[in-house]
Amino acid sequence: MEARLLIVDDEEIALRNLQHVMEKEGYQVTATQSGAAAVALLEKQGFDVVLTDLRMEGVDGMDVLKKSRELQPEAEVIFITGYATAESAVQALKHGAFYYIAKPFRLDEVRKVVAEALAKVRLRRENEDLRREVERYRDGDGIITQDAGMQRLLDMARQIAPTDCSVLITGESGTGKELFAKYLHRQSNRADGPYTAINCGAFSEQLLTNELFGHEKGAFTGATALKKGLIEVSAGGTLFLDEVTEMAPSMQVKLLRVLQEKEVLRVGGTRPVKCDVRVLAATNRDVTEAVKNGSFREDLYFRLNVVNLRIPPLSQRKGDIPLLARHFLIKYASRMKKPVTRISDEVLALLMDYPFPGNVRELENLIERGTAMAQADIIEVAHLPENFQKAGSFSFRKVAGRFPTLEEQQQTYITRVLDEVKGNQTAAAQILGINRASLWRKLKARQSKDPDK
């Protein structure tokens, strides 16, 4: 669509000359010699840029600027005047003018300023288009998805949110388990109460006990005052226990009592305190396996797992990748104040082919880096980490005129996975879906064929 310009100047020759120059640039130009006529035009049709003289009889350039700000705030206004003063320039810019050009002017200068103003208008509109696209798929509480499976999970979350039952949220690291916990809280009858969260794997048993249950004054050395734990602090609201399977067995017993009796006993205390709190828990481990091997109590599992929400990995909802990438682009372009509005088709293709072991968190990291590295308005492949570019180049191309054998392709994939986990064979075996001994045999077979490896 052609850029639309409105030119206002009470000198007919200057007006026609400027109109001719701008039309030669390919712009759709409307010209008028009257400020009042310009205001009438602004009320009837849209413009991208307004070039206006400053001094005109009746309705002057400042009046046109103010009316443009009111009627079409997305349009940019450029002043061109033969009565340039420092004071008038300051006033024009203060009221929102894009630029102030003194007569006589050079045509190249006007072309350049108009092009810059249009670039700013386009950037603003592209950002708005991106926001609208993302908002179409954004749930009211911040979860962005167009995936049918995720939509079903959100429907289930909406149904159980008001019931106050415990919920166990499972899924790989980086899939957005805490987003769902916050969603459940905000959709619940406890939305006006506190929401608190703690990562159970980040604390020793002693520290976690103190954080969750609090302590009485004098309970131990340094306990100079009573401290309420997070369970008490969350009364009337929601407590989210992330990585709950990392809790020590003794802690699991104490948590079970909280869930059963709705009361908490502070460290050093003798009388339990009643607490009305909803507990949501999450883990990236296989909970049923943890129950089988005895590392997680079965009775606690049943208490927490009244409803289970399993968040699928990003690799199972590929359709969300472009949507989330654009969401993160808006977020970081705004935060960094950079004019980045696009992701190249090559980058999107790489993102769609990538397995994303780090899930949504890894995608966010990639887009944040790409935005930081971008030098224009687009994220290109060169702006992404080198190891990601290499991962994206994995394919079934011919080598030396032939396709690789299945065994060769398997070895290439094993090497790629080992690179991804920095040589950790246990982690690599888990990703590959084989046991460590099988992986060791495959690596040994490769070494016997190629002693240099």
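This report covers the confidence, cores, largest pocket and selected residues of a predicted model.

## Overall picture

The protein has 453 residues, and 44% of them count as buried. It contains 19 helices and 16 strands. Contacts between residues at least 6 apart in sequence are dominated by long separations: 66% of them join residues at least 24 apart.

Mean pLDDT is 85, and 90% of residues reach 70 or more. One stretch falls well short. Residues 394-399 have pLDDT below 50, yet this stretch makes eleven contacts in the model beyond near neighbours in sequence. Where pLDDT is low, the predicted coordinates should not be read in detail.

## Nonpolar cores

The largest nonpolar core has 29 residues. The members that touch the most others are Leu212, Ile231, Leu241, Val244, Met247, Phe296 and Leu304. Several elements each supply at least two residues: helices H8 (205-213), H9 (230-233), H10 (249-261), H11 (287-292) and H12 (298-304), along with strands E10 (238-242) and E13 (278-283). H10 gives the most, with five residues.

Leu241 shows how this core is knitted together in sequence terms. Beyond four places in sequence, Leu241 contacts Ile198, Cys200, Leu212, Met247 and Leu255. Its further partners are Val279, Leu280, Ala281 and Ala282.

A second core is separate and has 25 residues, including Ile321, Phe328, Ala374 and Phe388.

## Largest pocket

The largest pocket holds about 800 Å³ of space. Its lining comprises 23 residues. Closest to the pocket centre are Glu172, Pro357, Ala427, Gln430 and Ile431. By class, the lining has eleven nonpolar, seven polar and five charged residues.

Three helices each supply at least two lining residues: H15 (359-373), H17 (406-420) and H18 (425-432). H17 gives the most, with four.

## Buried residues with distant partners

The table lists three buried residues, each with a partner distant in sequence.

| Residue | Relative accessibility | Partner | Sequence separation | C-alpha to C-alpha distance |
|---|---|---|---|---|
| Asp53 | 4% | Ile78 | 25 residues | 8.7 Å |
| Leu168 | 3% | Asn308 | 140 residues | 4.9 Å |
| Gln72 | 5% | Phe47 | 25 residues | 7.8 Å |

Asp53 sits in the loop between strand E3 (49-52) and helix H3 (61-71). Is this charged side chain's residue buried or exposed? Asp53 counts as buried, because its relative accessibility is 4% and the cut-off for buried is under 20%. Outside four places in sequence, Asp53 is in contact with Val8, Asp9, Asp10, Gly61, Phe79, Ile80, Thr81 and Lys103.

Gln72 lies in the next loop named here, between H3 and strand E4 (76-81). Gln72 is likewise buried, at 5% relative accessibility. Its contacts beyond four places in sequence are Leu42, Gln45, Gly46, Phe47 and Lys67. Phe47 is thus both a contact of Gln72 and its partner in the table.

Leu168 belongs to strand E6 (167-170). Its relative accessibility of 3% makes Leu168 buried. Leu168 touches Val244, Ala281, Ala282, Val287 and Tyr301, not counting residues up to four places away. Leu304, Asn305, Val307, Asn308 and Leu309 are also among its contacts. Val244 and Leu304 appear again here: both are among the members of the largest core that touch the most others.

## Positive phi

Most residues other than glycine have a negative phi. Two loop residues depart from this.

Asp164 has phi near 75°. Its loop runs between helix H6 (148-160) and E6, the strand that holds Leu168. Asp164 counts as partly exposed because its relative accessibility is 36%, between the limits of 20% and 50%.

Lys337 has a phi of about 55°, again positive and again not in a glycine. Lys337 is in the loop between helix H13 (320-336) and strand E15 (342-343). How does Lys337 count, buried or exposed? Lys337 counts as exposed, because its relative accessibility is 74% and exposed means over 50%.

Terms used. Residues numbered from 1 in each chain as written. Predicted model: local features only at pLDDT ≥ 70, side-chain atom pairs only at ≥ 80, totals over all residues. Heavy atoms only, no water. Core = buried A, V, L, I, M, F, W, Y, C linked by side-chain atoms within 4.5 Å. Buried < 20%, exposed > 50% of the residue type's maximum accessible area, 1.4 Å probe, protein only. Contact = heavy atoms within 4.5 Å. 1 Å grid on protein atoms, 1.4 Å probe; cavity = no way out; pocket = protein on both sides within 12 Å on 5 of 7 lines; lining within 4 Å. Points joined across faces, edges and corners; volume = space filled by probe spheres on them. Nonpolar A, V, L, I, M, F, W, Y, C, P; charged D, E, K, R; others polar. pLDDT = per-residue confidence, 0-100.
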